[in-house]
Amino acid sequence: MSDDDQEGSVREEPDREEFGHDPVEHAGVSAGMTVAELATEYGKAGIGAADLHEAIDVTADIFDSPETTTFLGLAGAMVPAGMRRIVADLIREGHVDALVTTGANLTHDAIEAIGGKHHHGRHSHPELEEREFDERLREEEVDRIYNVYLPQEHFAAFEEHLRAEVFEAIGEEVVSIAEFTRELGRANAAVNDREGIEEAAGIAAAAYENDVPVYVPAIQDSVLGLQAWLRSQVTGFSLDALADMSPLNDLAYEADSTAAIVVGGGVPKNYVLQTMLVTPDAYDYAVQLTMDPPQTGGLSGATLDEARSWGKLEKEARSVSVYADATITLPLVVAAALDGTD
């Protein structure tokens, strides 16, 4: 073969627009690694590990941007599952400017603030059918949240807490939900301190003490909301759901930069994202931790890219979704992001 033939047989590399010549590496772990070092190893890998690494990176940028107004959406059973302290600490450390959550999370938060505890349980019984297992729990007055147990007497204590410490303080008033949750946070902190409760006062108390508004747009869908409704039947107390719209939207409207951290889906997710529908700008950062798939067309599973079509995210916004159990991803993302901002 001539030299000319050899030169002609060399295959030219195609012009690849998307191929970045960035090979996947293999993550390495070792004893004594820091969370930040582990996060770096995730970044070497692909699929969910790469998404998690990007979520950490975006969250670190959010935490490291004091001019950014951060909206945290918190759905699911995050307080019963043990994520309460993480959220309260984020509020206390100044990383949350507005919290949108469920009445259920605030119910369980208050239960722990006044001395109740959730307990490790199981989601099935080796000797009982699922229905028999849960019927036995009902007979024993234990409520089950997957593999977490809560004795029902804690709800009775919570209801008494509302009557004695929250409703009496508000009186015969019609208040916004945010004003109601602020009063709940004040009461939680007061009782927690007065009674010397071992567990910290929690999320609503941290928000109250740090002047962070807590919005609960679907508060009726909880024991907290049921108790508020019952109170409204016998007194002049009531909740004005629309009263929260102006301060929430004003916060977004007046912000120089905005970020959405969305844990789970449902109403908290939509309420956080829809704030940008009445502002001239949109979110500059967005991180979503979810297990909901987008194929159903529901809001819970809607991608953050879909939110761009609605004008909820800026075209150049940094955004990432991680599809995994948020009780696994939230601690890792927060810890690594904080480690990266130190």
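Colleague: In what order do the 3 strands of the open sheet stand?

Modeller: This is a predicted model. In it, 3 strands make up an open sheet with antiparallel pairing. β3 (119-120) and β4 (142-145) each have a single partner strand, so they stand at the edges and one side of each lacks a neighbour in the sheet. The order is β3-β5-β4.

Colleague: What is the bridge partner of His119 in β5?

Modeller: β3 and strand β5 (residues 148-151) run antiparallel and are joined by 2 bridges. In β5, His119 has as its bridge partner Tyr149.

Colleague: At about what angle to β5 does helix α7 run?

Modeller: Helix α7 covers residues 153-170. This helix lies across β4 and β5. Its angle to β5 is about 60°.

Colleague: How many residues apart in sequence are the parts that Arg318 and Asp61 tie together?

Modeller: Arg318 and Asp61 form a salt bridge, with their closest N and O atoms 2.4 Å apart. Arg318 belongs to strand β11 (residues 313-323) and Asp61 to helix α3 (residues 48-63), so the pair ties together parts whose separation in sequence is 257 residues.

Colleague: Which residue forms a salt bridge with Asp134?

Modeller: The closest N and O atoms of this pair are 2.7 Å apart. Asp134 lies in helix α6 (residues 130-139) and its partner in strand β4, so the pair ties together parts 10 residues apart in sequence. Asp134 counts as partly exposed because its relative accessibility is 26%. The partner is Arg144.

Colleague: Is Asp305 buried or exposed?

Modeller: Asp305 and Arg308 meet through their side chains in a salt bridge, at 2.8 Å from N to O. Both lie in helix α13 (residues 304-309), 3 residues apart, which is about one turn of the helix. Arg308 has 23% relative accessibility, so Arg308 counts as partly exposed. Asp305 has a relative accessible area of 53%, so Asp305 is exposed.

Colleague: How many salt bridges does a search of the whole structure find?

Modeller: Side chains of opposite charge can pair when their charged atoms come close. Here, Arg84, Asp109, Glu112, Lys117 and Glu199 are linked by salt bridges into a network. For the whole structure, the number of salt bridges found is 19.

Colleague: About how much accessible area do Leu226, Trp229 and Leu230 have together?

Modeller: These residues form a nonpolar patch on the surface. Leu230 is part of helix α10 (residues 223-234), and Leu230 counts as partly exposed because its relative accessibility is 41%. Together, Leu226, Trp229 and Leu230 have an accessible area of about 310 Å².

Terms used
Residues numbered from 1 in each chain as written. Predicted model: local features only at pLDDT ≥ 70, side-chain atom pairs only at ≥ 80, totals over all residues. Heavy atoms only, no water. Patch = residues over 30% accessible without salt bridge, like charges linked within 9 Å, V, L, I, M, F, W, Y side chains within 5 Å. Areas by Shrake-Rupley, 256 points an atom, 1.4 Å probe, with all protein chains shown as cover. Salt bridge = Lys/Arg side-chain N within 4 Å of Asp/Glu carboxyl O. Helix = DSSP H or I, 4+ residues; strand = E, 2+ residues; numbered from the N terminus. Buried < 20%, exposed > 50% of the residue type's maximum accessible area, 1.4 Å probe, protein only. Pairing = 2+ DSSP bridges. Contact = heavy atoms within 4.5 Å. Axes fitted to C-alpha atoms, helices over the stretch in contact; angles between N-to-C directions.
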